[in-house]
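Here's a quick tour of one model, with a look at its charged pairs, a couple of helices and a cavity. Have the structure open as you read.

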Amino acid sequence: MYSIIRPNAWVALKLPSGNTKVLQVTPNTTISLGKYGSFPTNLILGRPYHVTFELQDKRPDENFSRLRIVPADELYAEVFAEEAAADCVTPAASSGGGGNGGDTVISAAGGDEFSLVDDKGNVVARSDREVLDESARQTLTQDEIEELKREGSNAGKDVIAKLLLSHTALDQKTSFSLAKYKLLKTKKYIRRFQVLPLDVATFAQWQLDERDASKILDMRAEMMGLVGCWANVHFGGEDVFLPDPNASPDQGPQACQPVDEKLLRGRWLVVDDTCGLLVAAMAERMGVLHEQEDSGAEEENKGPSQQLPVVTKAEIQAETPAPAPVPSQKDGDTEMTDAPGEPAPQPSDAEPKPKKPRPSDFMIPYSQTNTITVLHSSSQPNLSFLSYWGFDIASPNHPPHPLLNHLLTLSWLQLVKPELDSSYSTPPPTASPETLASWKPSRRGNFHRKRRRFARTRYIVDSTRAGGFSGLVCASTMDPISIMRHTLPLLAGGAPVAIYSPTIEPLATLADCFSVPRRTAWVGGGAPEIEGLSNEELERWQGNERFPLNPTLLQGVSIQTSRARRWQVLPGRTHPLMTERGGAEGYVFTAWRAKPAEGKVAAKGKFKRRKVETVGRVEEATPGVETPASG
């Protein structure tokens with residue numbers, strides 16, 4: 001799915017401080033990382049993801065910072081050093097004292113090694129990259145630290161080394177305290193970053209931490225995973241498209257293709273008030289969010305150490321076309337010199353390739369499987385966050401994208417009362433081919449656009465009202481009871497329901513509508529107005545004050561929550577981190593769609609006669625018939 005960083009792609013930059021910067025990689029621009037520096041965007045284009053870059057110092061003849069790929073052995077040098085130190089005896093351990101008390105020191109394997117020792121000769125820190133000089137053993141002031149930062153030598157590693165050496169109580173720290181101190185200084189001064197592909201979980205965490213969390217209803221990554229699992233969102237099958245009806249411009253609504261319910265499968269109904277984050281999470285699970293990268297297979301196989309080919313000046317001159325022949329005049333006549341190179345091209349008799357015919361206005365571009373149908377309350381759905389993955393719902397001429405054929409939208413008015421919607425009830429315009437050819441191009445364009453909009457709106461509304469959806473997923477501020485009143489009849493039998501809410505009160509009210517006491521009262525005739533109604537009418541019953549919904553339509557109702565907390569695990573000091581953000585906890589309502597049984601329920605089957613031993617005699621008993629006790 002993700003291979004190399006391509007132009008105009010949205011990426012996430014992981015900074016040393018732990019923060020995430022989401023931006024679009026636009027060619028020929030500059031990316032600023034704040035206090036860490038800036039670099040040209042072209043330096044990361046064509047590079048693979050998940051690679052750690054380091055901003056190098058500016059060269060004297062350049063006004064920008066170059067990047068260096070940090071190898072893995074340098075990133076995990078301290079981990080390798082700790083593993084190597086565990087197999088050897090340190091000077092502090094052999095002396096039996098000192099500030100470290102035999103704990104593992106911080107060191108880096110390989111190369112020349114510089115050590116930092118205390119007064120007793122115990123090694124406190126080792127390094128093979130930083131130069132530890134005598135002048136740096138004094139306590140640094142803030143002005144000196146700022147001066148070191150302005151110098152910006154060695155990508156911030158010299159600053160970290162001098163800060164460690166200037167710490168007067170460094171020899172009194174344990175190995176854990178020393179590692180924690182160095183980690184804090186590394187996050188503050190090291191100039192490194194990592195480029196990650198922008199997936200839904202990373203975007204949601206960035207939106208929660210550094211943007212407006214209310215736009216996504218405080219939905220965390222674990223809550224999106226919980227909703228997707230309980231809603232059973234998965235790949236719904238290979239694409240199936242309806243054939244082109246080849247409708248002529250003088251045909252009306254009778255040329256529209258009818259909905260084939262046998263082809264409709266793998267479809268989910270969604271109510272999304274998170275600006276498209278919930279739709280993006282579902283589309284990622286269904287495999288229709290990210291564009292497939294078919295081209296550039298050779299570039300994907302390139303390693304991070306491979307460089308782009310260098311073109312020399314001689315090669316440029318060799319590839320430069322020869323100048324055109326200059327005509328020379330001799331005795332009043334024009335003499336043309338022979339042009340060096342290939343002979344003049346001969347006229348070709350090959351016929352041009354025929355153009356592919358355009359589909360008719362009533363051609364349905366949507367797949368019959370693996371689709372997401374979004375219900376919204378406005379004239380147009382708010383799915384602005386999908387633009388981070390290259391999809392714009394408002395673009396009339398959108399470039400190819402997987403969501404174009406798998407995302408369907410309709411309003412609540414079109415679902416509940418489609419006859420009141422003008423785009424559904426107004427017949428499409430018609431015109432004869434001769435009349436259409438006499439119009440101006442702009443008028444013809446409006447004519448075809450209105451016909452295509454009518455056909456697609458008619459198909460979306462009819463296929464949605466036909467029902468048979470594989471699941472219902474909601475994350476909305478609307479009343480969940482009002483949502484379920486119109487969406488429950490559209491679900492297939494056994495379809496899961498997952499509704500997210502930042503607070504528990506709306507979901508508790510919804511769960512009470514399907515409680516056991518209400519179901520018992522319903523079966524016992526608690527609603528006289530439902531007598532004589534068929535099962536289909538009972539499914540679409542609008543409810544009353546006592547029964548807002550039909551309590552027999554859902555089974556296995558439950559409300560749950562989940563939150564992944566970060567813990568600090570140390571010997572005797574295990575506790576959750578107390579500096580995490582607050583916000584809404586978030587709850588998920590889950591259930592399964594149930595189809596009421598039709599007709600009278602009766603037990604049938606073959607019953608086997610069994611023997612019942614009693615006092616003094618043996619009798620044969622029939623199941624269901626009570627045998628009197630003797631004596």
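Does Arg192 count as buried or exposed? At 15% relative accessibility, Arg192 counts as buried, where buried means under 20% relative accessible area, exposed over 50% and partly exposed in between, with a 1.4 Å probe and protein chains only.

Some ground rules before going on. This is a predicted model, so local features need pLDDT of at least 70 and side-chain atom pairs count only at pLDDT 80 or more, while totals for chains, interfaces and linings use all residues. Residues are numbered from 1 along each chain as its sequence is written, and side-chain values use heavy atoms, with hydrogens and water left out.

**Charged pairs**

The structure holds 13 salt bridges, a salt bridge being a side-chain nitrogen of Lys or Arg within 4 Å of a carboxyl oxygen of Asp or Glu. Three of them look like this:

| Pair | Closest N to O |
|---|---|
| Glu74 and Arg192 | 2.9 Å |
| Glu539 and Arg593 | 3.3 Å |
| Arg563 and Glu585 | 3.3 Å |

Take Glu74 and Arg192, whose side chains meet in a salt bridge. This pair links distant parts of the chain, with Glu74 in helix H1 (residues 72–75) and Arg192 in strand S9 (residues 192–197), 118 residues apart. Helices (H or I, at least four residues) and strands (E, at least two) are DSSP runs, numbered from the N terminus. Like its partner, which is buried, Glu74 counts as buried because its relative accessibility is 16%. Both residues also belong to a salt-bridge network with Glu54 and Arg68.

Next come Glu539 and Arg593, joined by a salt bridge. The two sit 54 residues apart, Glu539 in helix H19 (residues 535–539) and Arg593 in strand S20 (residues 587–593). Glu539 and Arg593 are both buried.

Then there's the salt bridge between Arg563 and Glu585. Arg563 lies in the loop between strand S17 (554–560) and strand S18 (567–568), and Glu585 in the loop between strand S19 (575–576) and S20, so the pair ties together parts that are 22 residues apart in sequence. Glu585, at 25% relative accessibility, counts as partly exposed.

**Two helices**

Helix H9 (residues 277–286) is mostly covered, with eight of its 10 residues buried. Those are Leu277, Leu278, Val279, Ala280, Ala281, Met282, Ala283 and Met286. What do they pack against? Their partners are helix H7 (200–210), helix H8 (221–230) and the strands S10 (265–272), S13 (369–376), S14 (407–411) and S15 (471–475), with contact meaning heavy atoms within 4.5 Å. Just after H9, Gly287 takes a positive phi of about 80 degrees.

In helix H16 (residues 480–487), the buried residues are Pro480, Ile481, Ile483, Met484 and Thr487. They end up on the same side of H16 because they cover an arc of only 160 degrees around the axis, taken from the directions from the helix axis to the C-beta atoms.

**A cavity beside H9**The structure holds six cavities of 30 Å³ or more. On a 1 Å grid over the protein atoms alone, a cavity is a set of points where a 1.4 Å probe fits but cannot get out, and lining residues have an atom within 4 Å of a point. The second largest cavity has a volume of about 50 Å³, counted as the space filled by probe spheres set on the points. Its lining includes Met224, Val227, Leu278, Met282 and Arg285. H8 and H9 are the elements that give two or more residues to this lining, and H9 gives the most, with four. By class, the lining has seven nonpolar, one polar and one charged residues; Ala, Val, Leu, Ile, Met, Phe, Trp, Tyr, Cys and Pro count as nonpolar, Asp, Glu, Lys and Arg as charged, and the others, Gly among them, as polar.

Methods: On a 1 Å grid over the protein atoms alone, a cavity is a set of points where a 1.4 Å probe fits but cannot get out, and a pocket is an open set with protein on both sides within 12 Å along at least five of seven lines; lining residues have an atom within 4 Å of a point.
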